[in-house]
Structure formats: C-alpha cells, structure tokens
Amino acid sequence: MATGNEDELPDQSRPFSIGTIWDGPTLLVEIDGELDMASGVIVFDIIEAALATRSSKGSRREATISLDTGRLTFVDICGYRALEDVANHAAENGGSMVVRNPAACLVRLFELLPSGPTFRLETEEYGDGGVR
C-alpha cells in the first residue's frame, strides 16, 4: 500500500567519482565519495585501463600510482581490498602505489586491521617525504 512518502525516501545510491591523469611516469588518481565493493571494482578497472593504455603506447607498465583519498567519505573492507589489489597489481608489473592524503575513514580502517597496508601512506602532516 502506497503511503504517499515514496518521494521522501533517502537516496540509496552511493555517490562515487574517480579521476585519473598521467604526470610523466606517475598515474595521479583521485577518489571522491564512498569506496565499497561496487566502487572498488570500478577503481581497479579504471586504473588497470589507464595502465594498459599507457603500455600500448610503448611505455612500460612500471608506473607509480599516486592515489589521493582525501575526499573519501566511507570505505569498507571491500574498498580496502580493492586498494590492496591495485597495489599488488602495480608491484607485479614493476611499479608501486602510494596513498596520499588518506581520509580519516581509511586511516581508521587501517587501525582496525591486524596488519598494515602493503602500500605506502603519505600525509601532509609529516611534510615532505612523510611516510607512515
């Protein structure tokens, strides 16, 4: 039975956006919104496509992935796993990944995990070269 409140229901979609751009051998990636199972797949696929495109143009895949997560509003274990998958994929191809400006929700998740991330974290609070 309709109550007439259907238009007032909260939006159940999870807002998310990702942007990539090459800066020399570094793939700059910015994630905005919520990183979960659905958006984690998108992150992996978009980064993989960027690396593959670069590789097809004659550049080796040994790239540094610089991931800015400062605008993340939510991350769950599936989103974290996607970041681990990206880092592992980069390493398998001779590259690396660094997370710059980690969002508070991501830092909190790291604190809850028994082992730290397999990728580097860099925060502005530590200044140049500040790696956690």
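So, let's start with two rings: Y80 and F110 are both buried, meaning under 20% relative accessible area, where exposed is over 50% and partly exposed is in between, with a 1.4 Å probe and protein chains only. Before going on, this is a predicted model, with local features needing pLDDT of at least 70, side-chain atom pairs counting only at pLDDT 80 or more, and totals for chains, interfaces and linings using all residues. Residues are numbered from 1 along each chain as its sequence is written, and side-chain values use heavy atoms, leaving out hydrogens and water.

Back to the rings. The whole structure has 3 aromatic pairs, where Phe, Tyr or Trp rings (the six-membered one for Trp) pair with centres within 6.5 Å, and planes under 30 degrees apart are stacked, over 60 edge-to-face, the rest tilted. Y80 and F110 have ring centres 5.6 Å apart and planes at 70 degrees, so that's an edge-to-face pair. Y80 sits in helix 2 (residues 77-92) and F110 in helix 3 (residues 104-112), so the pair ties together parts 30 residues apart in sequence. Helices (H or I, at least four residues) and strands (E, at least two) are DSSP runs, by the way, numbered from the N terminus. Ring pairs also bring in F119, giving a cluster of Y80, F110 and F119.

Now the sheet. It's open and mixed, 5 strands in the order 1-2-3-4-5, with pairing taken as at least two DSSP bridges between two strands. Strand 1 (16-23) and strand 5 (120-122) are the edges, each pairing on one side only. Strand 2 (residues 26-35) and strand 3 (residues 64-75) run parallel over 9 bridges; there, L28 has S66 of strand 3 as its bridge partner.
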